[in-house]
Amino acid sequence: MKKIVSICIALLSFGMLFAAAPVKGDTVYVAVRKAEVKEGTGNFDKVIKTLNYGDKLSVLGANTKWVLVSFDDSKKEGWIPLASVTTKKIVASANKGKVNASASEIALAGKGFSEEVETKYKTTSKLDYSAIDRLEVFSVKKADLKNFIEEGELLGAE
């Protein structure tokens, strides 16, 4: 079983390498809980806007890692990581106009990982998920990260 799962993951990863980037005129949707639109493609470029899961964007151009998009009815534009968008339309079902799930639950479900799946994994495996829970709330300020990269003379400081 482990071998089959490993092969499936390898094939999926391999297929993602050759997935076509969106082209000018395409519509894409934010596929992560929060995504930053920036002035440029650098890690430390100014953030123009933070978007939420499912937000609709129009593609103006793309490269292998970033997509130039317009948002807010085409009045503004900026760069968003290619990995943060999908061409699949994201629709949240609603009950009388109210969504019954949080943004993170919708994002996880969109990726095929629901609360039920998580519960099943926790009950059928001997894995300790507490480290993952701690990691999910951990964050580093961008200024601290930039300082760390510059002081350490690491490649990639932008």
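The backbone oxygen of T41 sits 3.4 Å from a polar atom in the side chain of W66, which fits the cut-off for a polar contact: a pair of N or O atoms within 3.5 Å, where, within protein, one must be able to donate a hydrogen and the other to accept it, and residues adjacent in sequence count only if both atoms are side-chain atoms. The model here is a predicted one, so local features need pLDDT of at least 70 and side-chain atom pairs count only at pLDDT 80 or more, while totals for chains, interfaces and linings use all residues. Residues are numbered from 1 along each chain as its sequence is written, and side-chain values use heavy atoms, with hydrogens and water left out.

Back to W66, then. This tryptophan belongs to strand β5, residues 66-71; strands (E, at least two residues) and helices (H or I, at least four) are DSSP runs, numbered from the N terminus. W66 counts as buried because its relative accessibility is 12%, and buried means under 20% relative accessible area, with exposed over 50% and partly exposed in between (1.4 Å probe, protein chains only). Setting aside residues up to four places away in sequence, W66 touches K38, G40, T41, W79, I80, P81 and L82, a contact being heavy atoms within 4.5 Å. One of these partners, W79, is 13 residues apart from W66 along the chain, and their C-alpha atoms are separated by 6.3 Å. Strand β5 also holds S70, which is buried because its relative accessibility is 7%. Beyond its neighbours within four places in sequence, S70 is in contact with L57, S58, L60, K76 and E77.

What about the whole chain? The protein chain has 5 helices and 7 strands, and along the sequence they run α-β-β-β-β-β-β-β-α-α-α-α. Of its 158 residues, 20% count as buried. Among contacts with a separation of 6 or more, 50% are between residues 24 or more positions apart. The accessible surface adds up to about 12200 Å², with 57% of that belonging to carbon and sulfur atoms; these areas come from the Shrake-Rupley method with a 1.4 Å probe, and for residues only the protein chains shown count as cover.

Next come the charges. Side chains of opposite charge can pair when their charged atoms come close. A salt bridge is a side-chain nitrogen of Lys or Arg within 4 Å of a carboxyl oxygen of Asp or Glu, and by this rule the count is 1. The pair in question is K142 and E36, whose side chains meet at 2.8 Å, N to O. This bridge links distant parts of the chain, with K142 in helix α5 and E36 in strand β2, 106 residues apart. K142 is partly exposed because its relative accessible area is 35%, and E36 is partly exposed because its value is 31%.

Which side chain of opposite charge is nearest to K38? That is E36, 4.1 Å away, and K38 is buried yet has no salt bridge; for this purpose Lys and Arg count as positive and Asp and Glu as negative, while His and the chain ends are not counted. K38 lies in strand β2, residues 34-38. Its contacts, not counting residues up to four places away in sequence, include W66, W79 and K142.

E39 is in the loop between β2 and β3 (47-52). It is exposed because its relative accessibility is 52%. Leaving aside neighbours within four places in sequence, E39 is in contact with K46, I48 and W79. E39 and K49 are 10 residues apart in sequence, and their C-alpha atoms are 9.6 Å apart in space.

Finally, the end of α5 and what follows. Most residues other than glycine have a negative phi. The phi of E153, however, is near 50 degrees, a positive value in a residue other than glycine. E153 is in the segment after α5 and is exposed because its relative accessible area is 72%. L154 is also placed in the segment after α5 (142-151), and L154 is partly exposed because its relative accessible area is 42%. Together with L135, F138, V140, L145 and F148, L154 forms a nonpolar patch on the surface, with about 650 Å² of accessible area together. Patches are made of residues with over 30% relative accessible area and no salt bridge, joining like charges within 9 Å and nonpolar side chains (Val, Leu, Ile, Met, Phe, Trp, Tyr) within 5 Å.
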